[in-house]
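Biologist: Could you walk me through this one slowly? I keep hearing the terms without knowing what earns a pair its label.

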Amino acid sequence: MNPSFIKPPLFIVCLAPLAWYAWGVQADTLGANPIEAVTRGLGTWALNFLLITLTVTPLRKYSGWAWLGRLRRMLGLFVFFYATLHLTTYLWFDQFFDWPAIAKDILKRPFITVGMITFALLVPLAATSNAFAIRKLGGRRWQELHRSVYLIGLLAVLHYSWMVKADLSKPLVYALMVGVLLGLRVWWRLQERNRQLAGAYLPKPRGRIISIAVKK
Amino acid sequence: MLIRHPDDIAPSDITPRALFDRRREFLRLSAGAALAGVLPAAEAKLGPGRASVLSSTEAPTPLKHVTGYNNYYEFGTDKEDPARTAHALRVRPWTVSIEGLVKQPKTLGIEDILKLAPLEERIYRLRCVEGWSMVIPWLGFPVSSLLKQVEPLGSAKYVEFITAVQPETMPGVRSRVLDWPYVEGLRLDEAMHPLAIIAVGLYGDVLPNQNGAPLRLVVPWKYGFKSGKSIVRIRLTDSEPRTSWMKSAPHEYGFYSNVNPEVDHPRWSQASERRIGEFSKRKTLMFNGYAEQVSQLYTGMDLRKQF
């Protein structure tokens, strides 16, 4: 499968949630509190895209479809796209760009603090999501930097669960999914370590092995 | 993009004003007929109710939002859940037992409660602890009219409101989101305040199930959750009732829960609110704008500590 066939339609599909909310605002189908619906909806979609992005690698590994890996960057950038819109709705419709109030809010409210940290961690990942940055940083350092996506996943779920009033069922579902996707990585690491300890990567001896018998 | 759609109602379909006004007369007559047993009571509207000086002059929030955006966790924790699921609530037969520190404990049927006092229209602001607000034209009577029926004893200091649990009609009570039944409480002098009402209707009609049918408390100077829905038991006590939200998160929800822009919820600010239907936020007013009427109930109290 050639990813260049999939990317354009997938790009359109990824914009569907935004289109849905934009249409909902126009047609007044988002209920009594459309601003809250949009703010929360965009946050939920940032988290959804984060889960989708984190699913790419396991899916590629177990399906053998190597081309899936080529979609990861675009999906990851949609995490940043929806997170940026989510943050914008907060700054605009919730705070009306009252910067002193926003600063106070960030310092005082743990769930806002965590949300801001999460967004701040997304910025360098989005900024280095190009071939130039990979070349400049070197593959190894680039990969180390991008491992912060796991922390982002945990913080995003924490941000969500600290926002809800009493019913933690939805944040718990997200926590479970992030847990499975992160747990997989831990499991792979352990397997890899065991392989290394078992000497799977030691150089094979060259030539023939000759047994030497010792006469008594 | 602006999507235009044709008007739903043709001008010719709109009832002329004169006829519309006579409709009320007709309703009054039919209500009388219903009481006389000519028509089934269910067809009678409750309203419009006597106007009250305690009503706000602000524009009421549209009915579809008042009945479509509700916190009634017994029917689900999403705001749209109650409108979808609360139709199942059984509201007849319905009795309310009033007990505890009273001279005359009583169990009243809803039919008697509806006749207890003349119904008044009370247009009140409602401020939710979550930071949104509405203006709702309630139909009801003062809580004091109900409590007078049982003659509270001098030792009674608090009133506990216990609400219905119908596991077969309430999907939410199967989860342990809150401790069921939902319990709320007031100090007796708060309950006796003329602003505190028992609502049995809104917008001139019978209270919709998702708004707490057949009767609920409305205490407009406190956060919305203090106004318990679908009440079945009222208990007068000498000690402060432990409410469901206090049990759920004691550091977040206090017994008083008066609307107060200066005392934040530990996780969010209470300084402003979004009126449903409005784009900008407005400043939240002390006691939800009822300070003039109720602040004397709290003289000498530290409202930061007794939140």
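**Where chain A meets chain B**

Modeller: Let's begin with the count between chain A and chain B: 12 residue pairs are in polar contact, both residues at pLDDT 80 or more. A polar contact is a pair of N or O atoms within 3.5 Å; within protein, one must be able to donate a hydrogen and the other to accept it, and residues adjacent in sequence count only if both atoms are side-chain atoms.
By class, the side of chain A that touches chain B has 10 nonpolar, four polar and eight charged residues. Ala, Val, Leu, Ile, Met, Phe, Trp, Tyr, Cys and Pro count as nonpolar, Asp, Glu, Lys and Arg as charged, and the others, Gly among them, as polar.

Biologist: Hang on, what sort of model is this?

Modeller: It's a predicted model, where local features need pLDDT of at least 70 and side-chain atom pairs count only at pLDDT 80 or more, while totals for chains, interfaces and linings use all residues. Residues are numbered from 1 along each chain as its sequence is written, chains are lettered from A and ligands numbered from 1 in the order in which they are written, and side-chain values use heavy atoms, with hydrogens and water left out.

Biologist: What makes B:Asp78 and A:Lys170 a salt bridge?

Modeller: The rule asks for a side-chain nitrogen of Lys or Arg within 4 Å of a carboxyl oxygen of Asp or Glu. Here the N to O distance is 3.1 Å, so the pair fits the rule. Between chain A and chain B the count is six salt bridges, and over all chains the structure holds 29.

Biologist: Which parts does the salt bridge of B:Glu58 and B:Arg125 tie together?

Modeller: Those side chains meet at 2.7 Å, N to O. B:Glu58 lies in the loop between β1 (50–51) and α2 (63–66) of chain B and B:Arg125 in strand β4 (residues 120–127), so the pair ties together parts that are 67 residues apart in sequence. Helices (H or I, at least four residues) and strands (E, at least two) are DSSP runs, numbered from the N terminus.

Biologist: Why is B:Arg125 called buried?

Modeller: Buried means under 20% relative accessible area, exposed over 50%, and partly exposed in between (1.4 Å probe, protein chains only). B:Arg125 has 14%, so it counts as buried. B:Glu58, at 23%, is partly exposed.

Biologist: And how do you know whether B:Arg176 is buried or exposed?

Modeller: Its relative accessible area is 60%, so B:Arg176 is exposed. Its salt-bridge partner is B:Asp179, at 3.2 Å, N to O, and B:Asp179 is partly exposed at 29%.
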